[in-house]
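Biologist: Please take a close look at the largest cavity in this protein. Which residues line the largest cavity?

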Amino acid sequence: MGTSTSSSGPGKDVPFDPPWLDPLVEEIENPSEQTPEESDEENETQAEEDQSQPVEIAPHGRFGSARRYLGEYLQSGDENSLVKSLGSYSRKGMGGAANLSRRMRASTSVGAGLFNFLQDVRDGSTPKVQEWIHQLSAQNLSAQELTDEIIEQVLSTGGSLDEESCRDSMSQAMSDLLIRYPDVDLLKMNDDSIWTVMEFFIANEALNRIFLDIGQVFESARVSPQEAVFRMNDMREYLKAEVSAQLQEVRKNTKAATTAELNNILQSALRITFEIFEGEI
């Protein structure tokens with residue numbers, strides 16, 4: 001995991017969605033050629049408009065139960081405690097699974113963009129992509145270097161926490177794919193492989209979000225660093241399996257989805273996953 005757990009998490013009396021989220025999603029989905037000054041001015045205007053809209057405020061102590069159950073999981077490794085932590089995190093901490101999936105709309109937008117880009121690269125669908133592939137073919141890049149180049153093409157905007165998380169999750173997802181399928185060609189991936197990347201990416205993003213909000217429990221729990229890493233990896237594998245199961249179900253019969261449809265598919269998989277967790281508390 002590349003995302004630190006040292007944050008104390010969101011404070012009290014804050015909105016579920018930060019005011020900068022919509023401008024970030026807009027920039028991810030519609031990259032512009034604005035100068036930083038122009039972008040700042042636009043964000044300020046957007047912030048002024050957002051202030052006139054009703055804002056849903058998160059309740060006090062929103063993550064208390066999620067932290068308690070997560071601490072129990074760290075101590076015991078009990079899967080039931082983990083599920084209760086995830087369910088409480090979603091229901092009370094994030095205002096429900098639908099809210100949680102909307103809060104992660106920057107992640108799903110990046111995921112949809114990655115899906116489309118990997119298809120475009122495989123098909124050589126535009127002169128720009130063909131030129132990019134031609135330049136890479138002369139460089140004899142390693143798998144990690146090629147992953148870095150792909151990420152730069154998909155997400156080359158600013159350095160917000162959400163964007164850094166997405167970069168980390170994309171890199172991890174591609175690494176996981178190469179572990180599962182060592183012979184895969186990252187420039188010629190079939191749809192099944194691309195969907196597998198989506199499963200890994202969204203699961204990593206969900207885990208990153210959880211770690212940012214309640215991950216300080218990993219540092220305060222009375223377990224050894226080795227045990228904490230083991231539990232973290234176990235939690236990650238559990239989330240990957242659950243998200244994968246829901247995404248495979250939601251995407252059935254999907255062959256040529258638009259970017260908006262892909263975004264909806266990824267958000268639906270997240271929502272259903274956490275609805276299931278909520279049902280266990």
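Modeller: What follows goes from the whole protein to the cavity and its lining. This is a predicted model, in which local features need pLDDT of at least 70, side-chain atom pairs count only at pLDDT 80 or more, and totals for chains, interfaces and linings use all residues. Residues are numbered from 1 along each chain as its sequence is written, and side-chain values use heavy atoms, with hydrogens and water left out.

The protein has 13 helices and zero strands; helices are DSSP runs of H or I with at least four residues, strands runs of E with at least two, numbered from the N terminus. Of its 281 residues, 47% are buried, meaning under 20% relative accessible area with a 1.4 Å probe, protein chains only.

A cavity is a set of points on a 1 Å grid over the protein atoms alone where a 1.4 Å probe fits but cannot get out; lining residues have an atom within 4 Å of a point. Grid points are joined across faces, edges and corners, and the volume is the space filled by probe spheres set on them. One cavity of 30 Å³ or more is found, and the volume of the largest cavity is about 60 Å³.

Its lining consists of Arg103, Met104, Ser107, Leu161, Asp162, Ser165, Glu205, Arg209 and Leu212. The elements giving two or more residues to this lining are α9 (161–180) and α10 (191–214). By class, the lining has four charged residues, three nonpolar and two polar. Here Asp, Glu, Lys and Arg count as charged, Ala, Val, Leu, Ile, Met, Phe, Trp, Tyr, Cys and Pro as nonpolar, and the others, Gly among them, as polar.

Conventions. 1 Å grid on protein atoms, 1.4 Å probe; cavity = no way out; pocket = protein on both sides within 12 Å on 5 of 7 lines; lining within 4 Å. Buried < 20%, exposed > 50% of the residue type's maximum accessible area, 1.4 Å probe, protein only.
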